[in-house]
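Hi,

Here is the structure I promised to pass on to you. Have a look at it first, and then read on for what turned up.

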Amino acid sequence: MGKKGKNEKKVKGAEKTAAKMEKKVSKRSKREEDDLEALIAEFQSLDAKKTQVVETTCPPPSPRLNTSFSAHPEKDELILFGGEFFNGKKTYLYNDLFFYNIKKNSWVKSEIPNPPAPRCSHQAVVVPQGGGQLWVFGGEFASPNGEQFYHYKDLWVLHLATNTWENIKAPGGPSGRSGHRMVLSKRQLLVFGGFHESTRDFIYYNDVYSFSLDTFSWTRLSPSGSAPSPRSACQMTSMPDGSGVIIYGGYSKVRVKKDVEKGTIHSDMFLLKRDGKDGQEKWSWSRVNPSGNKPPPRSGFSLAVGPAGRAVLFGGVCDEEEEETLEGDFYNDLYLYDTVKNRWFPGQLRGNKTEKKKRRRGKKGEAEGEEAEKEEGEESPQGPTEVIKEIVTEDGTVMTIKEVIPGAQEEEEEEEEEEEDDDSASATLVEPCPRSSAMATVRQGKLFLYGGMFEVGERQFTLNDFYCLDLHKMDRWEVLVEMDPKTQEWLEESESEDDNEEEEEEAKGAEGKEDEESEEESEDGEDEDEHPAVQEGETVTDYQARTEQYWLGLARTNMGPDVKDKKVTKVALAMAKVFYEDQ
C-alpha cells in the first residue's frame, strides 16, 4: 500500500507540474498569438471574398511539409490539404486543397469558400458518412520569420459530396496544439498528444480526447493504467475490430539549460483499450511488447494503415544530438506492424529473381534494420557503405542524397556481376531517397508517398516527388512524379562571403561534377577531367587510398563544416568507390 500511495503522489505531482507549465506557456504564447491573429484574420478575409467553388487542373502541389494526405473514402482519389514551406529565410503556410485522381494520374486544385486558415502539422481523418467527409483538427500557423507560433484548436469538416467547409463549434475539446495524432475508432475521432510552443517555452501532451460523430461533442478521456509519456508525431493506429488504438514511438524534448534543448526519440508501444458498450466505454492504457523485427529508433517517420489493418511505417531520421549540434541519419526503409499478431516485420521488396538472390547474400553482413537499403560491392566481403547521389539545384547547390548499401560479397563470374549491377542500379532509381516527414496514405492496397525532407549540412531540402507501392505485390516503387531540382530553393543569410570563397577553393572539382549532374545526358568526360582518374590495374582500395585527400575535401564541402570527421570520411570513401565503379 505504501508503494502504491507513493506512486500516486508521484503521478499527482507530475500532473501539477504539467499544469503549471501549461499555464506558463499559455501566458507567454497568448501574447504571440494575439499578434498572429491579425495576420490570420487577413488571410480569412481574403478567403471570405470567394463565393464559388473553382476547380482547376494543375501540376503537382509545390514542395511542402506537415500537410495532411488522405484517401477519399469512396473514390479513387487522394486529398492533400495545407502544409508549410521554409526556404531558409521565410516560412510559408498554406490552406490550399488538392485532389489526386489515381486512375488519371492528375491533380486538381479545389478552391472552396470559407476554408480553415493556413496551417501545418494538423491532423485529418476521412469518414464515409454523408457521401464522404474530411475532418481536420488543430495545427499551427507561424510568422514569416518562423519565430512566432499560433496553435489552433478548431475543428472543421469538408463535406466531399457538396464541396463545402464547415467549422464545428463544440466546447470542451483539446487545447491548441500541433504534432498530435487523430484516428477514427468506431464512431469517434480520438486525439492524442502533440505539443504547444512559444518563442521561449514548449510543452508536450499525452492527453486523450474523443469527438462523437453522432452527438458532435468532445469528451476528455481518463484511462486507467500508465499512459505513454508526453510526445508528438507518434504512430496511432486503430485496431481493426474497434477495440482500441495502438500508440508507437514519437518525439519530445526538454530544456537541459538556458537555450539548450535535448530531444528524445521514443520507441515504446502502448494499447489504449476500449471496454464496455458504446456510450458507456471504459478506457485503459497498457504497455505492449511486440515481437518480430522492430524498426530502429527514429522520428519523423511516415505512417499509414495498409490492408488488414497493418500499420505501415516509412523512413524517418535518427538524430545524434550533442549540446549545441544536431546530425541525423535519414532512412528510406519500410516496416509493417500487424496489429492482430502484435508483430513487426520489415517490408522487403521482392523485385525479380536476380535481386532476390542478391538480397539474401547481402543479409549475412548487414546490421539489423538495414535490410531495405541495398547495393552490391565488388571486392572481398565488407560492411555496408554509405553512398551519395548528387543533384544540382537551380541555384547551384549540390544536394547530397545518402544511401546505406551493403558491401561486396563473394566473387561471381564477372559478366553475371555486371548484369546484377545494372539490375541494382535500375532498382535504386525507383526507391524514394532517404527522408523524413513524407506524407503517406493507402488506397486500394497501394501505398502513396509524397514529398518529405532531408538535410545537407545546415540546408533543408523540401521535396515534392511522388511514389506508389503495391502492398500486396511488394515488388517495386513506381515513380509518379520525379524530384525536380529546380524546386529546391535555399536563401540562408548566414552563409558569409568567406564561406563561399572557401567552398570555391575546396570544391573546384565539384563544380565540374555539378554541371555534369545537372545535364544527365552529357558525357562523362568532363567529370573524368575534374576527379582523379583511375589508373590501369588499380583496385578500389588502392584508388581510395591514393585519392583520399581529394575526396575528403569534396565531401567536407558538400556536407558542411559542422559534420563529424568520421562521417565525412565515410562519405568520402563511398564517393570514391562510386566514381571508381563508374569508370
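Phe98 stands opposite Lys109 in β5. Please keep in mind that this is a predicted model. The strands β4 (residues 91–101) and β5 pair in the antiparallel sense, and 4 bridges link them.

That pair belongs to a wider arrangement: an open sheet of 5 strands, in the order β1-β5-β4-β3-β2, with antiparallel pairing. At its edges are β1 (54–58) and β2 (68–71), each of which pairs on one side only. From one strand to the next, the twist averages 25°. As general background, the strands of a sheet pair through backbone hydrogen bonds, in either a parallel or an antiparallel way.

Next, two backbone angles for you to look at. Most residues other than glycine have a negative phi. Ser121, however, has a positive phi, near 55°. You will find Ser121 in the loop that runs between β5 (106–111) and β6 (123–127). Is Ser121 buried or exposed? Its relative accessible area is 15%, so Ser121 counts as buried, the cut-off being under 20%.

Gln444 also sits in a loop, between β27 (439–443) and β28 (446–456). The phi of Gln444 is positive too, near 55°. Here the relative accessible area is 58%, so Gln444 is exposed, the cut-off for that being over 50%.

To recap the two loop residues: Ser121 is buried, whereas Gln444 is exposed.

Happy browsing, and best wishes!

Note on methods. Residues are numbered from 1 along each chain as its sequence is written. This is a predicted model: local features need pLDDT of at least 70, side-chain atom pairs count only at pLDDT 80 or more; totals for chains, interfaces and linings use all residues. Side-chain values use heavy atoms; hydrogens and water are left out. Helices (H or I, at least four residues) and strands (E, at least two) are DSSP runs, numbered from the N terminus. Buried means under 20% relative accessible area, exposed over 50%, partly exposed in between (1.4 Å probe, protein chains only). Two strands pair if DSSP finds at least two bridges between them. Axes are lines fitted to C-alpha atoms, for helices over the stretch in contact, and angles run from 0 to 180 degrees between N-to-C directions.
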